[in-house]
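Trainee: Before we look at anything in detail, could we go through this structure together, one question at a time?
Mentor: Gladly; please put your questions once the structure is in view.

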Amino acid sequence: MNNAVNSNDGVVDGDWEYRPLKLPPGVSRVTAAVQLSIQAEYSGWELSRVRLYADGTRRVVLRRKRTKARMPGLIV
């Protein structure tokens, strides 16, 4: 991500907006998939990267194309 601009919620890099998301160890793979599907369906996010750590924590990076219209943020 060259020339990236940090914001309170994520990073804007060119035409893309990136948001980090941390899923705790107790979240099952199915639950994680459902949560990420909801983000994709209602907020326009797509999966950019997933890292699974030894303790079961998942660090996810979501991305979406920037638009002039204001899109909703992450649904929590």
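Trainee: With which residue does E17 form a salt bridge whose closest N and O atoms are 3.1 Å apart, in strand β5?
Mentor: Bear in mind that this is a predicted model, and begin with the placement of the two partners. E17 lies in strand β3 and its partner in strand β5, so the pair ties together parts that are 47 residues apart in sequence. The closest N and O atoms are 3.1 Å apart, and the partner of E17 is R64.

Trainee: Is E17 buried or exposed, and at what relative accessibility?
Mentor: The cut-off matters here, since a residue is called buried under 20% relative accessible area and exposed over 50%. E17 falls under the first of these limits and therefore counts as buried, its relative accessibility being 14%.

Trainee: Which residues are linked with E17 in a network of salt bridges?
Mentor: One connection is the salt bridge that E17 forms with R64, and in another the side chains of R19 and E17 meet at 3.1 Å, N to O. Both R19 and E17 are buried, and R64 also counts as buried, at 4% relative accessibility. The residues linked with E17 in the network are R19 and R64.

Trainee: The backbone oxygen of which residue lies 2.7 Å from a polar atom of the side chain of R64?
Mentor: R64 lies in strand β5, and its side chain takes part in the salt bridge with E17. A polar atom of that R64 side chain also lies 2.7 Å from a backbone oxygen, which belongs to S43.

Trainee: How far apart are the closest N and O atoms in the salt bridge of E46 with R63?
Mentor: This pair links distant parts of the chain, with E46 in strand β4 (residues 46–52) and R63 in strand β5, 17 residues apart. Both residues are partly exposed, with a relative accessible area of 35% for E46 and 24% for R63. The closest N and O atoms of E46 and R63 are separated by 2.7 Å.

Trainee: What separates the C-alpha atoms of W16 and K65?
Mentor: W16 has its place in strand β3, and, leaving aside residues up to four places away in sequence, it touches V11, E46, R63, R64, K65 and R66. Among these, E46 and R63 are the partners of a salt bridge. Although W16 and K65 are 49 residues apart along the chain, their C-alpha atoms are separated by 4.6 Å.

Trainee: Which pattern does the protein chain follow when read along the sequence?
Mentor: There are one helix and five strands to arrange. In the contacts with a separation of 6 or more, residues 24 or more positions apart account for 55%. Read along the sequence, the chain follows the pattern β-β-β-α-β-β.

Trainee: Which elements each supply at least two residues of the largest nonpolar core?
Mentor: In soluble globular proteins, nonpolar side chains tend to be buried together. Here 29% of the 76 residues count as buried, and the largest nonpolar core has eight residues, namely L21, L23, V27, A32, L36, W45, V60 and L62. The elements that each supply at least two residues of this core are β3 (16–23), α1 and β5 (58–65).

Trainee: Where does T57 lie?
Mentor: T57 is buried, with a relative accessible area of 6%, and its contacts, not counting residues up to four places away in sequence, are with K22, L23, P24, P25, R51 and L52. The C-alpha atoms of T57 and L23 are separated by 5.8 Å, with their positions 34 residues apart along the chain. As for its own position, T57 lies in the loop between β4 and β5.

Trainee: About what area does the nonpolar surface patch made by V30, V34, I38 and Y42 have?
Mentor: Y42 is found in helix α1 (residues 29–43), and this residue is exposed, with a relative accessible area of 59%. The protein chain as a whole exposes about 5,600 Å², and carbon and sulfur atoms supply 51% of it. The patch that V30, V34, I38 and Y42 make has an area of about 420 Å².

Methods. Residues are numbered from 1 along each chain as its sequence is written. This is a predicted model: local features need pLDDT of at least 70, side-chain atom pairs count only at pLDDT 80 or more; totals for chains, interfaces and linings use all residues. Side-chain values use heavy atoms; hydrogens and water are left out. Patches are made of residues with over 30% relative accessible area and no salt bridge: like charges are joined within 9 Å, nonpolar side chains (Val, Leu, Ile, Met, Phe, Trp, Tyr) within 5 Å. Accessible areas come from the Shrake-Rupley method with a 1.4 Å probe; for residues, only the protein chains shown count as cover. A salt bridge is a side-chain nitrogen of Lys or Arg within 4 Å of a carboxyl oxygen of Asp or Glu. Helices (H or I, at least four residues) and strands (E, at least two) are DSSP runs, numbered from the N terminus. Buried means under 20% relative accessible area, exposed over 50%, partly exposed in between (1.4 Å probe, protein chains only). Contact means heavy atoms within 4.5 Å. A nonpolar core is a set of buried Ala, Val, Leu, Ile, Met, Phe, Trp, Tyr and Cys residues joined through side-chain atoms within 4.5 Å. A polar contact is a pair of N or O atoms within 3.5 Å; within protein, one must be able to donate a hydrogen and the other to accept it, and residues adjacent in sequence count only if both atoms are side-chain atoms.
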